[in-house]
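Here is a friendly walk through the structure below. Keep the sequence and the 3D view open side by side as you read.

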Amino acid sequence: MPKLLRLSSAIILMLVMMTFTGLFSAQAETIRNLVSVGGVRSNQLVGYGLVVGLNGTGDQATQVPYTTQSLLNMFQRLGINLPASVATNLQPKDVAAVIVTAHLPPFAQPGQTINVTVSAVGNASSLAGGTLLMTPLKGADGQTYAVAQGNLIVSGFGASSNGSSAQVNITTAGTIPNGANVERSVSSGFDQAGPMMLELHNPSFTTAARIANVINQQLGYGVAEALNAGEIRVNAPGSPGARVNFLSQIENLDVSPETPLAKVVIDARSGTVVLGQNVTLGACAVAHGNLSVTISQKYLVSQPNPLGAGQTVVAPQANVKVQQPQAKLLMFEPGVSLEAVVRALNAVGATPTDLIAILQAMKAAGALHAQLEVI
């Protein structure tokens, strides 16, 4: 019997250890999901171009003169000189002026391709079926880093006839997968000798300290140092190949980040309320009721006697109805969990607008243990 008892205790202890190990591993994150390397980032590109081949859904030349001007400039570069009378009366309906945007990823080299987004800037009704002509994409310094061209993919659809129209999604914007060729690379400074900076996506002193400790434990003490809540300095090798291998080892290390702050996010425009996992309440009582006032008006027609000399009179009659439902009082004990709060508010049928008002009142009363952020 003692052996059986010891065996049972060992099994229970093993199960408990496996359970806690699963919990800790579930909370762990790889460092590459928590930080980015300083100086290694994407760059925004923008350009102006023309989309041709539209089925009469392009810009109206009388209202968007720059489309015709751009088309004439392109003709001149191609060696086509139109007479002044023709150029003045040119009104193409199959051409649209567009703005082309793209993101140049880090370490992109000439010859690689990137995705582009094409958006109409005139009064074109649809870009479906169009082809983007060669468009230089420039950075903030005015230099050309990519050139875009290709057929557009438009997810929207629209149709109209005899004054009636129907539209699904947006028809004046589209994409060109791999539609731009990179012409120039951007130096990131990654291959330069010296320390590297790891920048946290969500600054936290605790997370920064844990990352530095894990790196020092695995690669040697003094390799990493947390400078503040958002930066960690890492002493990396000097040669580019060694720096790549060194950073690869760091990215795959597991770290348990700090538990996120208790926060309630409210979007009053759409009525969206998001409560974080650590939101709790203090002892409080909540009563919320709605006062509704309904005013309806109907018209009564008074007809005179057929043989009389009276006239038909229309008399309006207004009806005002005021209704205030009985408020339901909710009691919350100290430290009540988020699940209990949601369950109680759903039980009384609280709408998003009601929930926003209740949470704001709880925060003002000091009963909501969370940050209240309104976006």
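## Salt bridges

Let's begin with charged pairs, keeping in mind that this is a predicted model. Arg233 and Glu225 make a salt bridge, and their closest N and O atoms are 2.8 Å apart. Arg233 has a relative accessible area of 33%, so it counts as partly exposed, since that class runs between the buried limit of 20% and the exposed limit of 50%. Its partner Glu225 is partly exposed too, at 41%.

A search of the whole structure finds two salt bridges. The other pair to look at is Glu373 with Lys263, where the closest N and O atoms are 3.3 Å apart. This pair ties together distant parts of the chain: Glu373 sits in strand E23 (residues 371-374) and Lys263 in strand E15 (residues 263-267), 110 residues apart. Glu373 is partly exposed, with 33% relative accessibility, and Lys263 is partly exposed as well, with 29%.

## The largest pocket

Next, a place to rotate the model and look inside. The largest pocket holds about 360 Å³ of space. Its lining is made of Tyr48, Gly49, Leu50, Ser70, Asn73, Met74, Arg77, Leu78, Leu133, Met134, Thr135 and Pro136. Strand E3 (43-52), helix H2 and strand E6 (131-138) are the elements that give two or more residues to this lining.

What is the chemical character of the lining of the largest pocket? Its residues divide into seven nonpolar, four polar and one charged. Arg77 is the charged residue in that list, because Asp, Glu, Lys and Arg are the types that count as charged.

## A nonpolar surface patch

Leu78 is one of the residues lining the largest pocket, and it also belongs to a nonpolar patch on the surface. Leu78, Ile80, Leu82 and Val86 form this patch, with about 330 Å² of accessible area together.

Where does Leu78 lie along the chain? You will find it in the loop between helix H2 (65-77) and helix H3 (84-88). Leu78 has a relative accessible area of 60%, so it counts as exposed, the cut-off being over 50%.

## The second largest pocket

The second largest pocket has about 310 Å³ of space. Leu34, Leu200, His201, Asn202, Pro203, Ser204, Thr207, Pro257, Glu258, Thr259, Pro260 and Leu261 line it. The residues of this lining divide into six nonpolar, five polar and one charged. Here the charged residue is Glu258, because Glu is among the types that count as charged.

## Strand E2 and its partners in space

Val35 and Val37 are a handy pair to select together. Val35 is in strand E2 (residues 35-37), and Val37 has its place in strand E2 as well. Is Val35 buried or exposed? At 9% relative accessibility Val35 counts as buried, because buried means under 20%. Val37, at 13%, counts as buried too.

Both residues have a partner that is far along the chain. The C-alpha atoms of Val35 and Leu198 are separated by 5.9 Å, although the two residues are 163 apart along the chain. For Val37 and Met196, 159 residues apart along the chain, the C-alpha separation is 7.2 Å.

## Asn213 in helix H4

Asn213 is found in helix H4 (residues 205-219). With 42% relative accessibility, Asn213 counts as partly exposed. Asn213 and Ala224 are 11 residues apart in sequence, and their C-alpha atoms are 7.6 Å apart in space.

## Two backbone angles to check

Most residues other than glycine have a negative phi. Which value does phi take at Phe107? Phe107 has a positive phi of about 65°, although it is not a glycine. Phe107 lies in the loop between strand E4 (96-104) and strand E5 (113-120), and at 44% relative accessibility it counts as partly exposed.

Asn178 also has a positive phi, near 55°, and it too is a residue other than glycine. Asn178 lies in strand E10 (residues 173-182), whereas Phe107 is in a loop.

Methods
Residues are numbered from 1 along each chain as its sequence is written. This is a predicted model: local features need pLDDT of at least 70, side-chain atom pairs count only at pLDDT 80 or more; totals for chains, interfaces and linings use all residues. Side-chain values use heavy atoms; hydrogens and water are left out. Patches are made of residues with over 30% relative accessible area and no salt bridge: like charges are joined within 9 Å, nonpolar side chains (Val, Leu, Ile, Met, Phe, Trp, Tyr) within 5 Å. Accessible areas come from the Shrake-Rupley method with a 1.4 Å probe; for residues, only the protein chains shown count as cover. A salt bridge is a side-chain nitrogen of Lys or Arg within 4 Å of a carboxyl oxygen of Asp or Glu. Helices (H or I, at least four residues) and strands (E, at least two) are DSSP runs, numbered from the N terminus. Buried means under 20% relative accessible area, exposed over 50%, partly exposed in between (1.4 Å probe, protein chains only). On a 1 Å grid over the protein atoms alone, a cavity is a set of points where a 1.4 Å probe fits but cannot get out, and a pocket is an open set with protein on both sides within 12 Å along at least five of seven lines; lining residues have an atom within 4 Å of a point. Grid points are joined across faces, edges and corners, and a volume is the space filled by probe spheres set on the points.
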